[in-house]
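Q: Please take a close look at a single part of this model. I would like its place, its exposure and its contacts set out in connected prose.

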Amino acid sequence: MKLFKKLAAAVLVAALALTMVGCGGRNSLTDQIKDVIADFYAMEDKDVTNKKELDALAAKLMAEADKAENKGKTVLELLIDEEVVKAAGINAAKETYRVSAVENYKLLSSTVSKEKALLFALELTDSENGQIGSGVLNPNSYGLAMGKINGKEYFVMLMNGQSRL
């Protein structure tokens, strides 16, 4: 009986280890938000693609906004600030981006916490946004990054695509 219990425990541990390996790939909140954003645009028959280079650019923009002097500006105002944009390596005379941000606030309700990715994706796609550059934007790609600005954690989304200057 002891041998059976040990064998059963070993099989259970192995099964749990294998299931954990299979689940780790795309389970971060950032990845969940990306999936929801893709669903939103697919429901409208629009093709919008997540691009790694835009993820990196959103992270760089966020890092530069965190370094900038606040002077009473909102996070969105910091993200589209001319000096911040330039420091992030964006040429606003030639490139156009839509920028949106949402604070990664801590939810108290466990029910709502389960829908956190949906809530944040809605805020990123439907809320107030800013624009870098002066072109007319028809977005077909986006990047998403998570980081800190002024001590608070945010998700920042950059969208770009065909633009007419």
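A: What follows is a look at Asn160 and its surroundings, and then at two loop residues elsewhere in the chain. The model is a predicted one.

Asn160 is found in strand β5, which covers residues 152-164. Its relative accessible area is 17%; the cut-off for buried is under 20%, so Asn160 counts as buried. The side chain of Asn160 makes a polar contact with the side chain of Ser141, at 2.7 Å. Ser141 is also on the list of residues in contact with Asn160 once neighbours within four places in sequence are left aside. That list further holds Leu137, Pro139 and Asn140, together with Thr96, Tyr97 and Leu54.

Leu54 leads to helix α3, where Leu54 is one of the buried residues. The others are Asp55, Leu57, Ala58, Leu61, Met62, Glu64 and Ala65. Helix α3 runs over residues 52-67, 16 in number. At 1.5 Å a residue α3 should span 22 Å, and the end C-alpha atoms lie 23 Å apart, which agrees.

Strand β5 also borders a loop of interest: Asn150 is found between β4 (136-149) and β5. Phi of Asn150 is near 55°, a positive value in a residue other than glycine. Asn150 is partly exposed, with a relative accessible area of 38%.

Asp45 has a positive phi too, near 55°, and is likewise not a glycine. Asp45 sits in the loop between α2 (29-43) and β1 (49-50). With a relative accessible area of 75%, Asp45 is exposed.

Notes: Residues numbered from 1 in each chain as written. Predicted model: local features only at pLDDT ≥ 70, side-chain atom pairs only at ≥ 80, totals over all residues. Heavy atoms only, no water. Helix = DSSP H or I, 4+ residues; strand = E, 2+ residues; numbered from the N terminus. Buried < 20%, exposed > 50% of the residue type's maximum accessible area, 1.4 Å probe, protein only. Expected span 1.5 Å × (residues − 1). Polar contact = N/O pair within 3.5 Å; in protein donor to acceptor, adjacent residues only side chain to side chain. Contact = heavy atoms within 4.5 Å.
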